[in-house]
Amino acid sequence: MSIAIVTDSASDLEQGEIEGIAVVPLHLHFGDEVFKDGVTLTKPEFWTRLDRVVEEGGVLPTTSQPSPGAFRDIYQRLIDDGAEGVISIHISGKLSGTLNSARQGASLLDDPPPFEFVDTESASMSVAWAAQAALDAINQDESIEQAADAARASAARSRAVLFVETLDYLQRGGRIGRARHLAGRLLRMRPLLEVIDGEIVDIEKPRTRKKALDRLYAQIMSEGPPERAAIMHGGAESDAHALAERVSAACDGMSVPVVLSAPVIGAHVGPGTVGASVLRRA
């Protein structure tokens with residue numbers, strides 16, 4: 001049985017990056033201009049444009065999920081190419097309407113094959129790893145249900161932790177309330193945040209960037225050397241590489257990739273952010 005794997009651009013994957021995983025782009029809005037994440041606006045282009053908007057005091061970007069029609073179209077293309085089932089794996093349904101659009105898109109198909117939908121309750125590389133786990137299971141001739149369960153198991157072992165320079169972006173996007181935003185500004189915090197049960201939660205409140213980086217490292221290593229780790233950043237390449245080298249050294253030289261955050265993530269966390277996805281050992 002040929003099974004297609006679909007995810008979204010909040011996974012920090014780009015279309016064609018992993019053969020066998022289709023990526024549906026979310027949308028970026030700069031005023032009246034609308035871009036497809038990673039397609040009509042690349043990661044470097046986004047961060048350059050965001051820096052310019054911040055400097056000039058322009059309108060900050062917003063995001064929106066793909067339409068059900070966009071999902072229907074990619075599902076239909078995959079079915080036409082021979083897919084006899086689809087596993088659709090997405091960013092937390094509490095952070096985005098993407099999963100709901102995916103379900104609606106499948107309902108628009110005239111004769112849909114078996115579908116499995118996976119809410120990773122996370123974002124960034126934790127979503128990508130879940131999609132990779134499903135793909136690996138399919139390549140080992142597992143059933144669609146077994147492959148979806150492999151994705152869920154990967155997501156359950158993953159953590160997404162980050163710190164931000166300012167809570168302004170999260171507040172503007174509705175990901176945190178006004179009270180948390182105001183408290184963060186008054187205390188000049190660089191809060192350490194984690195996606196827990198699909199929602200963004202404060203876990204620590206360091207006040208300097210150095211302390212935030214140290215506490216992020218401590219969180220990555222809190223359960224011992226992880227099976228996998230990746231460092232994401234929003235225009236903070238030097239800090240991200242330094243953190244990756246520190247984690248690698250503590251994990252016997254394990255490869256720790258550094259990833260420039262996807263535009264749809266960056267629009268909600270802002271410049272200067274450093275984060276990590278961690279896959280706990282089974």
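1. A good place to start is Asp-214, which forms a salt bridge with Arg-246, the closest N and O atoms being 3.0 Å apart. Asp-214 sits in helix α8 and Arg-246 in helix α9, so this pair ties together parts that are 32 residues apart in sequence. For the term itself, a salt bridge is a side-chain nitrogen of Lys or Arg within 4 Å of a carboxyl oxygen of Asp or Glu. Helices (H or I, at least four residues) and strands (E, at least two) are DSSP runs, numbered from the N terminus.

2. Before going on, please keep in mind that this is a predicted model: local features need pLDDT of at least 70, side-chain atom pairs count only at pLDDT 80 or more, and totals for chains, interfaces and linings use all residues. Residues are numbered from 1 along each chain as its sequence is written, and side-chain values use heavy atoms, with hydrogens and water left out.

3. Asp-214 has another partner to look at. Its side chain also meets that of Lys-210 in a salt bridge (3.0 Å, N to O). Asp-214 and Lys-210 are four residues apart in helix α8 (residues 209-220), which means that about one helical turn separates them. How exposed are the residues around Asp-214? Asp-214 is partly exposed, with a relative accessible area of 27%, Arg-246 is partly exposed at 38%, and Lys-210 is exposed at 60%. Here buried means under 20% relative accessible area, exposed over 50%, and partly exposed in between (1.4 Å probe, protein chains only).

4. How many salt bridges does the structure hold? The count is 14. Among them is the contact between the side chains of Arg-72 and Asp-73 (3.1 Å, N to O). Both residues can be placed on the exposure scale: Arg-72 is partly exposed at 32% relative accessibility, and Asp-73 is partly exposed with a relative accessible area of 46%. Elsewhere, Glu-116, Asp-149 and Arg-152 are linked in a network of salt bridges.

5. Now turn to charge on the surface. Which residues gather in a patch of negative charge there? They are Asp-119, Glu-121, Asp-197 and Glu-199. Patches are made of residues with over 30% relative accessible area and no salt bridge, where like charges are joined within 9 Å and nonpolar side chains (Val, Leu, Ile, Met, Phe, Trp, Tyr) within 5 Å. In this scheme Lys and Arg count as positive and Asp and Glu as negative, while His and the chain ends are not counted. One member of the patch, Asp-119, lies in strand β7 (residues 115-119) and is partly exposed at 32% relative accessibility.

6. Two backbone angles deserve a second look. Most residues other than glycine have a negative phi. Ser-124, however, has a positive phi near 60°. Ser-124 is found in the loop between β7 and α4 (125-139), and it is buried, with a relative accessible area of 9%. Asp-252 also has a positive phi, of about 55°, although it is not a glycine. Asp-252 belongs to the loop between α9 (237-250) and β12 (258-260). Is Asp-252 buried or exposed? At 80% relative accessibility, Asp-252 counts as exposed.

7. Helix α9 offers two more residues to find on your screen. Ser-238 is in helix α9 and counts as exposed at 59% relative accessibility. Its C-alpha atom is separated by 25 Å from that of Asp-202, 36 residues apart along the chain. Ala-250 is found in helix α9 too, and is partly exposed at 31% relative accessibility. Ala-250 and Gly-224 are 26 residues apart in sequence and 9.4 Å apart in space, C-alpha to C-alpha.

8. Finally, step back to the whole protein. The secondary structure comes to 10 helices and 13 strands, and 53% of the 282 residues count as buried. The C-alpha trace spans about 55 × 50 × 30 Å along its principal axes. With 282 residues, a compact globule would have a radius of gyration near 19 Å, and the protein has 19 Å, which agrees. That radius is taken over C-alpha atoms, and the globule rule is 2.2 Å times the number of residues to the power 0.38.

Notes
Accessible areas come from the Shrake-Rupley method with a 1.4 Å probe; for residues, only the protein chains shown count as cover. The place of a charge is taken as NZ of Lys, CZ of Arg, CG of Asp or CD of Glu.
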